[in-house]
Amino acid sequence: MIEANIPILSLVIVLPLLGAIAAGTIQNINLAKKVALFIAGLELIVTLIVVHWFNATDGNNFQLVERHAWIPSLNIEFLIGIDGISVLFLPMSALLTLVAIIASWNSVQHLPRFHFALLLAIEGGTMGVFVALDMMLFFLFWELILPPIFFLIGLWGIGPHRRGAAMKYMLYMLFSGVPILFALIMLGVNHAMQTGGAIPHDLSFSFPVLLNTRIPDDLQVIIFLLLLTGFAVKAPLVPFHTWLPTTAVEAPTQLTALLIGLKLGAFGILRFAMPLTPHASVEYAWVLGIFGAITFIYAAMIALHQTNLRRLLAYASISHVGLVIVGIATLNMQGIQGAIFQLLNFSVIASCLILIAGFIQHRVGSTEVIHLGGLARVMPRLTTFFFLFAIASMGIPGTSGFPAELLLIVGALNAHPGLGVAALLGAILGAAYMLSFMRRTFFGPVVHARLNQIQDLRTREFGLLCVPALLVLFFGFFPDFVLDINKIAAESWLNRLIN
């Protein structure tokens with residue numbers, strides 16, 4: 001591990017949390033909003049500095065590591081660091097939070113200070129999830145994200161059943177935390193037993209230490225299944241997916257963009273579940289692949305029958321998560337790098353599609369297809385952006401979705417022909433539901449006269465979509481920028497499992 005001379009990763013976590021406190025306590029509403037925007041912008045700059053300092057040629061080690069005692073009696077530390085797998089998630093998450101704040105600038109009239117404070121709190125917790133190297137510290141950040149999301153859904157949701165959706169989300173996430181916590185305790189206790197130490201003095205929850213601690217094969221299976229269950233709920237994978245479509249329809253747009261853009265459950269499987277239990281992961285990779293393929297195809301088929309744009313995008317997101325899980329289960333370089341690339345894509349592609357759906361909802365009052373039609377005639381700029389992000393979601397060449405999806409499909413074909421066929425079938429279904437809904441929503445005659453009166457994208461909305469759009473094109477033409485950063489870390493991840 002490479003220690004940090006400057007505690008920049010601590011700043012990445014603390015900065016949005018301090019911003020949340022400031023935005024929530026400042027009495028002047030306009031000043032509070034400006035503070036939230038400034039902190040979100042500053043956070044993006046700091047995360048870009050982290051990427052600049054990261055040495056991609058030393059991807060085998062965790063970098064910028066910070067270590068401080070936290071709960072000494074249980075050997076729990078404030079231990080944080082990054083590697084090639086996690087580093088790019090920091091600026092992408094910061095950009096998504098900044099976009100979400102700008103998108104909700106004028107749309108939140110009820111308790112706006114509290115609203116922006118909660119968005120920043122989610123950002124701080126998310127950053128903690130990505131950089132935590134102590135498993136109990138990771139679990140702390142994992143759970144700290146839940147209360148802000150609960151309040152955002154319940155207080156600012158746009159649907160009539162928002163409080164029920166908030167409760168459903170909270171119950172699902174609390175359920176997911178139970179098996180994760182049990183698995184982490186088992187890991188700590190096993191370390192004490194393997195080293196001949198005493199409990200609790202010789203417990204260890206350090207991720208680097210646990211990676212080098214022997215775990216009996218039968219215990220590996222239990223821990224792997226517990227972690228997989230917990231992370232599958234958050235991802236979400238079938239059959240734990242029902243909370244996301246409900247939340248997508250009932251929750252505020254900016255929160256839905258965060259939930260769809262930040263796939264922490266899939267990241268947890270990639271970062272923790274597989275490396276900590278390598279033998280069980282290899283033995284049951286076929287189970288993971290089957291669950292991924294079922295999720296990929298099932299969600300795509302459900303999306304084909306949706307008449308609500310927000311619900312369709314939720315099922316599209318679930319479907320793409322299934323493809324990511326297929327990529328992880330392939331246990332080859334193409335699948336792993338494709339999975340990381342696709343998880344990064346969620347931050348710009350899926351989230352921006354949801355934001356555009358929110359713009360439509362704000363203007364028309366609905367995202368049901370029966371109330372839409374001919375939007376391209378009255379909203380050409382919005383249609384252009386939606387079309388770009390939609391074709392990126394389908395993996396069309398020239399967009400960032402193409403190299404990610406190509407790597408995932410090639411990886412699936414190399415792993416097993418059946419997985420490859422499932423990946424190809426899911427990709428076809430993905431293009432079918434997206435093109436079908438676009439045809440009914442954006443093209444053809446204007447079905448309602450009142451649509452002629454709605455306004456196209458405002459300058460602020462146009463500006464906030466430009467940066468993600470440029471990233472989609474840049475990563476589409478220059479995918480090596482992403483692949484070179486995570487290549488060595490992905491090789492190390494893979495060697496741990498198959499060697």
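**Figure 1. The loop between helix 9 and helix 10 holds Pro236 and Pro239.** Helix 9 spans residues 217–234 and helix 10 spans residues 243–250; helices (H or I, at least four residues) and strands (E, at least two) are DSSP runs, numbered from the N terminus. The peptide bond between Ala235 and Pro236 is cis, with omega about -10 degrees. A cis peptide bond also links Val238 to Pro239, where omega is near 10 degrees. The structure is a predicted model, in which local features need pLDDT of at least 70, side-chain atom pairs count only at pLDDT 80 or more, and totals for chains, interfaces and linings use all residues. Residues are numbered from 1 along each chain as its sequence is written, and side-chain values use heavy atoms, with hydrogens and water left out.

**Figure 2. The annotated domain covers residues 132–428.** An unreviewed UniProt entry names this feature "domain: NADH:quinone oxidoreductase/Mrp antiporter transmembrane". UniProt positions are given in the numbering used here, feature names are shortened, and annotations may be inferred rather than shown by experiment. Across residues 132–428, helix makes up 78% of the chain and strand 0%. The C-alpha atoms at the two ends of this stretch are 38 Å apart.

**Figure 3. The largest pocket has 22 lining residues.** Its space amounts to about 440 Å³. On a 1 Å grid over the protein atoms alone, a pocket is an open set of points where a 1.4 Å probe fits, with protein on both sides within 12 Å along at least five of seven lines, and lining residues have an atom within 4 Å of a point. Grid points are joined across faces, edges and corners, and the volume is the space filled by probe spheres set on the points. Ser107, Val108, Thr253, Gln254 and His362 are the lining residues nearest the centre of the largest pocket. At least two lining residues come from each of helix 6 (146–156), helix 11 (253–261), helix 16 (333–364) and helix 21 (459–477). Helix 16 gives the largest share, 5 residues. By type, the lining comprises 9 nonpolar, 10 polar and 3 charged residues; Ala, Val, Leu, Ile, Met, Phe, Trp, Tyr, Cys and Pro count as nonpolar, Asp, Glu, Lys and Arg as charged, and the others, Gly among them, as polar.

**Figure 4. Thr367 is a buried residue in the loop between helix 16 and helix 17 (375–378).** Its relative accessible area is 1%; buried means under 20%, exposed over 50%, and partly exposed in between (1.4 Å probe, protein chains only). Beyond its neighbours within four places in sequence, Thr367 has contacts (heavy atoms within 4.5 Å) with residues including Thr307, Arg310, Gln361 and Phe437. The side chains of Thr367 and Asn308 form a polar contact of 3.0 Å, that is, a pair of N or O atoms within 3.5 Å; within protein, one must be able to donate a hydrogen and the other to accept it, and residues adjacent in sequence count only if both atoms are side-chain atoms. Thr441 lies 74 residues from Thr367 in sequence, with a C-alpha to C-alpha distance of 9.2 Å.

**Figure 5. Ser393 belongs to helix 18 (residues 380–394).** Ser393 is buried, at 12% relative accessible area. Residues up to four places away in sequence aside, Ser393 touches His320, Ile349, Leu353, Glu405 and Met434.

**Figure 6. Leu64 and Leu331 each have a positive phi of about 55 degrees.** Neither Leu64 nor Leu331 is a glycine. Leu64 is part of strand 1 (residues 63–71) and is buried at 13% relative accessibility. Leu331 occupies the loop between helix 15 (309–329) and helix 16, and is buried at 15%.
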